[in-house]
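This report looks at the packing and the charged pairs of one protein chain. The sequence and the structure come before the account.

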Amino acid sequence: MKKHIGILTAGGDTPGLNAAIRAIGKSAIRHYNWQVIGFKEGFRGLVHNRFVRLGREELSGILTKGGTILGTSRDKPHKMVLGNQKIDMTSTIIENYHNHNLDCLVCLGGGGTQKNANRLAAAGLNIITLPKTIDNDVWGTDITFGYDTALGIATESIDRLHSTAHSHHRIIVVEIMGHRAGWLALGAGLAGGADVILLPEIPYDANKVADAIKARKLHGSPFSIVAIAEGAMSQAEAAELDQLVALVEGAESGTAERDAAKANISEFHRKRKGSTLRLAETLENLTGLEARLTILGHVQRGGTPSARDRLLATQLGTATAELIAAGEFGKMVAVIGDETRPVLLEDVAGKKKLVPLDNPQLVSARRIGTCFGD
Ligand code: F6P
């Protein structure tokens, strides 16, 4: 019997998504003779039944394209924003899945997508997921596709910032994506030779950062590069957030007390906007050196995927088709070493892979004198 496969991409876009769609689609069509459709803009397309047939023509010429040909969104099936309401649309999704006679829905996404996809698997749909995000923070896989491309972009940016920082004897603070996990800031910081690397996993003390910059000046290097993950916090901020999180965890779910505690966390994050600019100003005051801020932002997510990401996405895509053929569902296709391996989606959902303090790159960076602000 000819199988019917649905694909969607959800969460922030990532280089390599089209390479993965192409690999799933091509192996489904060419190797297994199945039919493939793609839902537009993540789970929203599945709710509104907006889809496109993915045939040989649609899958051709997309390997090197950035973004996703399907479009994406951060919509959640159980909290879909419709008008000014958030509605649980799971039953509509299930209906559309069956109307298309789908044998499997493949969801390409980061941590949020793994959680949402797991909810659909628990609701009885045949789901397989792939791990994609430039943040590289999906639990259960050594690596996510998109990370390598972003690493290259961020590293090249740091290289370029070096010569201008050197010429002007300035501090350049460079903000790199990564709210909860600092993989990208660590990798690009180390590869780009940043003098200071600040990660969400290691709360910093601005005085220690300033001391490291002053010591460099004393030894004849009156310029410094500070690579900071967007979610890195000072020790005082991290302590405040810990207290706010404890209040949420201590409150009973569904109570006004818990809602208020959650609102305080949102307010905390709102107030932190612009914190990297404030850090640059603080470092200027503490060191007497001029400081500038560069926010790399969405440049890190755009454009053509690296060769490594194309290879990874292709390998993951064909492994997905193999899993579907074997009838193995409720799995995320992970990368362990050079191999792909299915891991239970319910084990992945709701977890984040943070940078461990004994990570070899982190240890190496410390050995060569990189300051982490702790
Ligand atoms: O895709 C993950 C990520 O790149 C984070 O590092 C970043 O904070 C976030 O997306 C921002 O994405 P958006 O602006 O699309 O919400």
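The text below covers the nonpolar cores, one buried strand and its neighbours, and a set of salt bridges.

**Nonpolar cores**

The model is predicted. Its largest nonpolar core has 62 residues, and within this core Leu108 and Ile176 touch the most other members. The core lies between domain 1 (4-145 + 305-348) and domain 2 (150-301 + 357-367), because both domains give residues to it. Another core, of 24 residues, lies apart from the largest one; Phe39, Leu120, Ile127 and Leu345 are among its members.

Leaving aside residues up to four places away in sequence, Ile176 has contacts with Ile158, Leu184, Ala185, Ala188, Ala227, Ile228, Ala229, Glu230, Leu296 and Gln300.

**Strand β8 and its partners**

Ile176 also belongs to strand β8 (residues 170-176). Seven of the seven residues of this strand are buried, so β8 is largely enclosed by the rest of the structure. Burial holds for both directions in which its residues point: Arg170, Ile172, Val174 and Ile176 point one way, while Ile171, Val173 and Glu175 point the other way.

Two strands pair with β8. With β11 the pairing is parallel and runs over six bridges, and Glu175 stands opposite Ile295 of β11. Strand β10 (residues 224-229) is likewise parallel to β8 and joined to it by six bridges; here Val226 is the bridge partner of Val173.

Arg170, which is one of the buried residues of β8, is linked with Glu290 and Arg292 in a network of salt bridges.

**Salt bridges**

The count of salt bridges comes to 14. Three of the pairs are listed here with the N to O distance.

| Acidic residue | Basic residue | N to O distance |
|---|---|---|
| Asp13 | Arg301 | 3.0 Å |
| Asp137 | Lys352 | 3.2 Å |
| Asp211 | Lys214 | 4.0 Å |

The salt bridge between Asp13 and Arg301 has its closest N and O atoms 3.0 Å apart. Asp13 sits in the loop between β1 (4-9) and α1 (17-31), and Arg301 in the loop between β11 (290-295) and α11 (307-326), so the pair ties together parts that are 288 residues apart in sequence. Asp13 has a relative accessible area of 21% and is partly exposed. Arg301 is buried, because its 15% falls under the 20% limit for that class.

In the pair of Asp137 and Lys352, the closest N and O atoms are 3.2 Å apart. This pair, too, links distant parts of the chain, 215 residues apart: Asp137 is in the loop between β7 (127-131) and α5 (147-168), and Lys352 is in the loop between α12 (345-348) and α13 (360-367). Asp137 counts as buried at 6% relative accessibility, whereas Lys352 counts as partly exposed at 31%.

Asp211 and Lys214 form a local pair: their side chains meet in a salt bridge at 4.0 Å, N to O, and they are three residues apart in helix α7 (residues 206-218), so about one helical turn separates them. Asp211 is partly exposed, with 45% relative accessibility, and Lys214 is partly exposed, with a relative accessible area of 37%.

Methods: Residues are numbered from 1 along each chain as its sequence is written. This is a predicted model: local features need pLDDT of at least 70, side-chain atom pairs count only at pLDDT 80 or more; totals for chains, interfaces and linings use all residues. Side-chain values use heavy atoms; hydrogens and water are left out. A nonpolar core is a set of buried Ala, Val, Leu, Ile, Met, Phe, Trp, Tyr and Cys residues joined through side-chain atoms within 4.5 Å. Buried means under 20% relative accessible area, exposed over 50%, partly exposed in between (1.4 Å probe, protein chains only). Domain bounds come from an automatic or database domain assignment. Contact means heavy atoms within 4.5 Å. Helices (H or I, at least four residues) and strands (E, at least two) are DSSP runs, numbered from the N terminus. Two strands pair if DSSP finds at least two bridges between them.
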